[in-house]
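The following exercises concern the structure shown below. Each task is followed by a solution in steps.

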Amino acid sequence: MAPALVGRGVPPGIVRLDLGARPDERMRIRTGWDVRRCVGSGGIRLLWEEETGWAYAYVGPGYSMPREPVISLRRVYATPESVAAATDFLVHTGRPPAEVHEEEWPQADAVRAAIDACRPR
């Protein structure tokens with residue numbers, strides 16, 4: 001995903017991966033763009049969870065931290081290009097994108113298998 005974001009000119013300032021320490025915890029990826037990189041008075045946080053997919057939250061003065069799903073990303077494992085397009089729209093307009101992305105990443109099954117193999121039992 002990082003090369004797709006860089007290619008769009010929206011590299012994240014923060015990238016965090018949480019694998020979960022217990023078998024019942026799920027993998028999460030959090031990326032962030034501060035106010036200097038975004039339109040509007042705050043930043044944007046994009047969060048991926050392996051069961052629910054992509055969500056976003058506005059961060060900064062006057063914002064609380066509720067997350068909303070990125071409705072346009074219809075797949076939990078959306079293609080990196082789809083995630084980058086949605087992120088580009090969020091960062092540059094301050095609004096969630098409306099263009100629907102139905103594609104699933106071709107490596108999704110391999111990623112699911114790798115996550116299951118690494119999950120503590």
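Two strands are taken as paired if DSSP finds at least two bridges between them. The structure is a predicted model, and the exercises apply to that model.

**Exercise 1. Strand pairing around β3**

Task: Determine how many bridges join β3 to strand β4 and in which sense the two strands run.

Solution.
Step 1. Strand β4 covers residues 53-59, and 7 bridges join β3 to it. With at least two bridges required, the two strands count as paired.
Step 2. The two strands run antiparallel, and a hairpin of 3 residues connects β3 to β4.
Step 3. Within this pairing, W48 stands opposite W54 in β4.
Step 4. β3 also pairs with strand β2 (residues 28-33), through 6 bridges and again in an antiparallel sense. One position of that pairing is G32, whose bridge partner in β3 is R45.
Step 5. Of the 7 residues of β3, 5 are buried, so the strand is largely enclosed by the rest of the structure.

**Exercise 2. Aromatic pairs**

Task: State how many aromatic pairs a search of the whole structure finds, and classify the geometry of the pair formed by W48 and Y77.

Solution.
Step 1. The search yields 2 aromatic pairs.
Step 2. For W48 and Y77, the ring centres are 5.4 Å apart and the planes meet at 65°. Centres must lie within 6.5 Å for a pair, and planes over 60 degrees apart count as edge-to-face; the W48 and Y77 pair is accordingly edge-to-face.
Step 3. The pair links distant parts of the chain: W48 belongs to strand β3 (residues 43-49), whereas Y77 lies in the loop between β5 (68-69) and α2 (80-93), 29 residues away.
Step 4. Buried means under 20% relative accessible area. W48, at 4% relative accessibility, is therefore buried, and Y77, at 7%, is buried as well.
Step 5. The second pair is that of Y56 and Y58, with centres 5.5 Å apart and planes at 75°, so this pair is also edge-to-face. Y56 is buried at 9%, whereas Y58 is partly exposed at 22%.

**Exercise 3. The environment of W48 and the nonpolar core**

Task: Identify which residues W48 is in contact with, leaving aside its neighbours within four places in sequence, and which residues of the largest nonpolar core touch the most other members.

Solution.
Step 1. The contacts of W48 are M27, R28, I29, G53, W54, V76, Y77 and I115.
Step 2. The largest nonpolar core contains 22 residues, and those touching the most other members are W33, L46, W48, W54, V70, L73 and V83.
Step 3. At least two residues of this core come from each of α1 (2-7), β3, β4, α2 and α3 (108-118). The largest share, 5 residues, is supplied by α2.
Step 4. In soluble globular proteins, nonpolar side chains tend to be buried together.

**Exercise 4. Two charged positions**

Task: Decide whether R74 is buried, partly exposed or exposed, and do likewise for D88.

Solution.
Step 1. R74 is placed in the loop between β5 and α2. Its relative accessible area is 45%, so R74 is partly exposed.
Step 2. Not counting residues up to four places away in sequence, R74 touches V100, H101 and E102.
Step 3. The C-alpha atoms of R74 and R36 are 29 Å apart in space, and the two residues are 38 apart in sequence.
Step 4. D88 is found in helix α2. At 17% relative accessibility, D88 is buried.
Step 5. Beyond its neighbours within four places in sequence, D88 is in contact with R8 and V10.

**Exercise 5. The chain as a whole**

Task: Establish what pattern the chain follows along the sequence and how its radius of gyration relates to the globule rule.

Solution.
Step 1. The chain has 3 helices and 5 strands, arranged in the pattern α-β-β-β-β-β-α-α.
Step 2. The radius of gyration is 14 Å, close to the 14 Å that the globule rule gives for 121 residues, so the chain is as compact as a globular protein of that length.
Step 3. Along the principal axes, the C-alpha atoms fill a box of roughly 45 × 30 × 20 Å.
Step 4. Of the 121 residues, 36% are buried. The accessible surface comes to about 7,200 Å², with 55% belonging to carbon and sulfur atoms.
Step 5. Among contacts with a separation of 6 or more, 45% involve residues 24 or more positions apart.

Conventions: Residues numbered from 1 in each chain as written. Predicted model: local features only at pLDDT ≥ 70, side-chain atom pairs only at ≥ 80, totals over all residues. Heavy atoms only, no water. Phe/Tyr/Trp six-rings, centres within 6.5 Å; stacked < 30°, edge-to-face > 60°. Helix = DSSP H or I, 4+ residues; strand = E, 2+ residues; numbered from the N terminus. Buried < 20%, exposed > 50% of the residue type's maximum accessible area, 1.4 Å probe, protein only. Contact = heavy atoms within 4.5 Å. Rg over C-alpha atoms; globule rule 2.2 N^0.38 Å. Areas by Shrake-Rupley, 256 points an atom, 1.4 Å probe, with all protein chains shown as cover. Core = buried A, V, L, I, M, F, W, Y, C linked by side-chain atoms within 4.5 Å.
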